[in-house]
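Let's take a walk through this fold, one neighbourhood at a time. Have the viewer open and follow along.

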Amino acid sequence: MYDFEDKELKKVGLELMFMTPEKGAVDNWITAVELAKMVDLPVETVKKKLTILKDADIVRVKGINPKYWKFDNYSFQRMDEDDEIFQLLCSFDDVDFDRYFQY
């Protein structure tokens with residue numbers, strides 16, 4: 001169905017997962033354009049990845065123009081551990097956490 005070595009999907013998913021108000025998101029809601037700038041990907045690519053995450057029920061969307069996106073931690077925690085998207089977002093081998101946290 002999807003390519004689950006999908007580094008772009010992982011980048012978008014993790015950025016949303018670790019979104020904080022300090023990163024400029026309002027109550028952790030962010031537009032695709034803002035997110036695209038953060039992950040350094042084309043807006044159209046980010047929108048496609050957000051749709052995949054929305055279809056997996058782990059991101060929520062509100063609004064129409066612009067749409068605001070937010071990671072749904074509760075739904076993510078309830079996902080089947082065998083789900084390919086769950087496994088992708090939980091494989092932290094190649095993740096630089098300094099990107100998401102300031103110590």
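How are H2 and H3 oriented to each other? They are roughly perpendicular, since an angle of 65 to 115 degrees counts as that, and H2 and H3 pack at about 110 degrees. Keep in mind throughout that this is a predicted model.

## Where H2 meets H3

The axes of H2 and H3 are 9 Å apart. On the H2 side, the residues in play are Ala32, Val33, Leu35, Ala36 and Val39, and they meet Val43, Val46, Lys47 and Leu50 in H3. This contact is made up of 8 nonpolar residues and 1 charged residue, with no polar ones.

The loop between H2 and H3 holds Asp40. Asp40 has a positive phi of about 55 degrees, even though it isn't a glycine. Most residues other than glycine have a negative phi. Asp40 is also exposed, with a relative accessible area of 66%.

## H1 against its two partners

Two packed helices are described by the angle between their axes and the distance between the axes. For H1 (residues 7–17) and H3 (residues 43–55), the axes cross at roughly 70 degrees and come within 9 Å. That makes H1 roughly perpendicular to H3. From H1 come Glu8, Leu9, Val12, Gly13 and Leu16, which meet Thr45, Val46, Lys49, Leu50, Ile52 and Leu53 in H3. Sorted by type, the H1 with H3 contact has 7 nonpolar, 2 polar and 2 charged residues.

H1 also packs on H2, at an angle of about 110 degrees and with the axes 10 Å apart. So H1 and H2 are roughly perpendicular to each other too. Here Lys11, Val12, Glu15 and Leu16 of H1 meet Leu35, Met38 and Val39 of H2. The tally for this contact is 5 nonpolar, no polar and 2 charged.

## Glu15, a charged residue in H1

Is Glu15 buried or exposed? Glu15 counts as buried because its relative accessibility is 2%, and the cut-off for buried is under 20%. Glu15 sits in helix H1. Leaving out neighbours within four places in sequence, Glu15 is in contact with Lys23, Leu35, Met38, Val39, Arg99 and Tyr100.

## Two pockets

Rolling a probe the size of a water molecule over the atoms shows where empty space is left. The largest pocket holds about 200 Å³ of space. Its lining consists of Lys7, Lys10, Lys11, Leu14, Asp94, Val95, Asp96, Arg99 and Tyr100. That lining breaks down as 3 nonpolar and 6 charged residues, with no polar ones. Arg99 and Tyr100 are part of this lining, and both of them also touch Glu15.

The second largest pocket has a volume of about 150 Å³. Which residues line the second largest pocket? They are Thr31, Ala32, Val33, Lys47, Thr51, Pro66, Lys67 and Trp69. Helices H2 (32–39) and H3 each supply at least two of them. By type, the lining has 4 nonpolar, 2 polar and 2 charged residues.

## The loop between E2 and E3

Two lining residues of that second pocket, Pro66 and Lys67, deserve another look. Pro66 is in the loop between E2 and E3, and the peptide bond from Asn65 to Pro66 is cis, with omega near 5 degrees. Most peptide bonds are trans.

Lys67 is in the loop between strand E2 (59–62) and strand E3 (68–71). Lys67 is partly exposed, at 43% relative accessible area. Not counting residues up to four places away in sequence, Lys67 touches Ile30, Thr31, Ala32, Val61 and Lys62. The C-alpha atoms of Lys67 and Thr31 are separated by 5.9 Å, although the two residues are 36 residues apart along the chain.

## Out on the surface

Asp57 lies in the loop between H3 and E2. Asp57 has a phi near 65 degrees, a positive value in a residue other than glycine. At 53% relative accessibility, Asp57 counts as exposed.

Gln77 belongs to helix H4 (residues 73–77) and is exposed as well, with a relative accessible area of 58%. Gln77 and Ile58 are 19 residues apart along the chain, and their C-alpha atoms are separated by 9.1 Å.

Key
Residues numbered from 1 in each chain as written. Predicted model: local features only at pLDDT ≥ 70, side-chain atom pairs only at ≥ 80, totals over all residues. Heavy atoms only, no water. Axes fitted to C-alpha atoms, helices over the stretch in contact; angles between N-to-C directions. Helix = DSSP H or I, 4+ residues; strand = E, 2+ residues; numbered from the N terminus. Parallel < 35°, antiparallel > 145°, perpendicular 65-115°, else oblique. Contact = heavy atoms within 4.5 Å. Nonpolar A, V, L, I, M, F, W, Y, C, P; charged D, E, K, R; others polar. 1 Å grid on protein atoms, 1.4 Å probe; cavity = no way out; pocket = protein on both sides within 12 Å on 5 of 7 lines; lining within 4 Å. Points joined across faces, edges and corners; volume = space filled by probe spheres on them. Buried < 20%, exposed > 50% of the residue type's maximum accessible area, 1.4 Å probe, protein only.
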